[in-house]
Amino acid sequence: MTDIEPDTDPFIESGRKLFAGEADFIWAANSLSNLPPMSKVEIAFAGRSNVGKSSLVNALTGRNTLARTSHTPGRTQQLNFFDIGGRFHLVDMPGYGYAAVEKAKVAAWTKLIHDYLRGRSTLGRVYLLIDARHGIKAVDEVLLETLDKAAVSYQIILTKADELKPGGIEERLAETAANIAKRAAAFPEIIPTSSRLGTGIADLRTSVARLLSERGAG
C-alpha cells in the first residue's frame, strides 16, 4: 500500500498521461434538478470538511487552483464537475459534517450528496477521503451505509498520512481495512496519501486509469 514501483503496473503510465492533459470546469449543481446530462464516466471525491479534498484533487490533476482550497471548512457547497482530458468527469463533492455551518445548509448539502450517490448510473466510483489522523468517524459511517445500500463502488483514500507518527499509518491502514472488510461495495485497496509530499498520488492516478479501462473508457 505504498507508492507503486516503476514498470510493475501497465496503468502507471496511462494514469500519468490521463492527468497530464486538460482539466476544465464544466458544471456546478446545487440540486438534483440541475445536474449535467449523464455522458462520461463520473468519478467522485467525497469526504468530511477539512479532510484535504481540494488539495488532493489539485495534486492529482497537477494544478494549484482546479479545486478551491480554503482554511475555512465548508467552502465547497455544490457538486463541481470537471472534464479530465475528455476521458471522464471528476466530481468534487461538498464536504460534510462541518457543524459551524448553518444546520439548514448542512442538511441540504447532505441530502444532495446522498441523492446523487444513489441515483447516478454514470458514477463509476467514489473515492472517500478519510483523515489518516482520525480514521473513520460516525459521520463517515453514514455515507458508507448509503454507498453500500446503493451498491456504488467506493475506495478509501487516507489523507494527511505524513502527519502520523512513525508506524501510525500501518495501524490506521489495518484499522480501516478491518472496518470495510465486510462492506460489499468497498474496494479493498486503501491508498494513503499526502498532498503536501505527493505521497500516493501516482497510486491514485493508476487506480483511476485502471477503473476507466474496466469501464471501457480507457
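Over the ring of which residue does the charged end of arginine 125 sit? In this predicted model, the ring in question belongs to phenylalanine 187, and the charged end of arginine 125 is placed 4.3 Å from the centre of that ring.

Aromatic side chains also meet one another, and the structure holds 4 aromatic pairs. One of these joins phenylalanine 19 to phenylalanine 88, and because the ring centres lie 5.9 Å apart while the planes stand at 75 degrees, the arrangement is edge-to-face. The two partners come from distant parts of the chain, 69 residues apart, with phenylalanine 19 in the loop between α1 (11-18) and β1 (23-29) and phenylalanine 88 in strand β4 (residues 88-92). Both phenylalanine 19 and phenylalanine 88 are buried. An edge-to-face geometry is found again for phenylalanine 25 and phenylalanine 82, whose rings are separated by 5.7 Å centre to centre, with 70 degrees between the planes. This pair likewise links distant parts of the chain, since phenylalanine 25 belongs to strand β1 and phenylalanine 82 to strand β3, 57 residues apart. The surroundings of these two residues can be stated separately: phenylalanine 25 has a relative accessibility of 47% and therefore counts as partly exposed, whereas phenylalanine 82, with a relative accessible area of 3%, is buried.

The largest nonpolar core comprises 34 residues, and those with the most contacts inside it are Leu79, Met93, Tyr116, Leu117, Val126 and Ile156. At least two residues of this core are supplied by each of the strands β2 (42-47), β3 (79-84), β5 (123-131) and β6 (154-159), and likewise by each of the helices α3 (103-118), α4 (138-150) and α5 (168-180). For leucine 117, when neighbours within four places in sequence are left aside, the residues in contact are Met93, Leu123, Val126, Leu143, Leu147, Ala150 and Val152. Another core, of 25 residues, lies apart from the largest one and has Leu18, Val51, Leu56 and Ile201 among its members.

The packing of helices was examined for α1 and helix α6 (residues 201-214), which meet at an angle of about 100 degrees with their axes 7 Å apart. As angles of 65 to 115 degrees count as roughly perpendicular, α1 is therefore roughly perpendicular to α6. On the α1 side, the residues that take part are Phe11, Ile12, Ser14, Gly15 and Leu18, and these meet Arg205, Thr206, Val208, Ala209, Arg210, Leu212 and Ser213 of α6.

Methods
Residues are numbered from 1 along each chain as its sequence is written. This is a predicted model: local features need pLDDT of at least 70, side-chain atom pairs count only at pLDDT 80 or more; totals for chains, interfaces and linings use all residues. Side-chain values use heavy atoms; hydrogens and water are left out. A nonpolar core is a set of buried Ala, Val, Leu, Ile, Met, Phe, Trp, Tyr and Cys residues joined through side-chain atoms within 4.5 Å. Buried means under 20% relative accessible area, exposed over 50%, partly exposed in between (1.4 Å probe, protein chains only). Helices (H or I, at least four residues) and strands (E, at least two) are DSSP runs, numbered from the N terminus. Contact means heavy atoms within 4.5 Å. Rings of Phe, Tyr and Trp (its six-membered ring) pair if their centres lie within 6.5 Å; planes under 30 degrees apart count as stacked, over 60 as edge-to-face and the rest as tilted. A charge sits over a ring if NZ of Lys or CZ of Arg is within 6 Å of the ring centre and within 35 degrees of the ring normal. Axes are lines fitted to C-alpha atoms, for helices over the stretch in contact, and angles run from 0 to 180 degrees between N-to-C directions. Angles under 35 degrees count as roughly parallel, over 145 as roughly antiparallel, 65 to 115 as roughly perpendicular and the rest as oblique.
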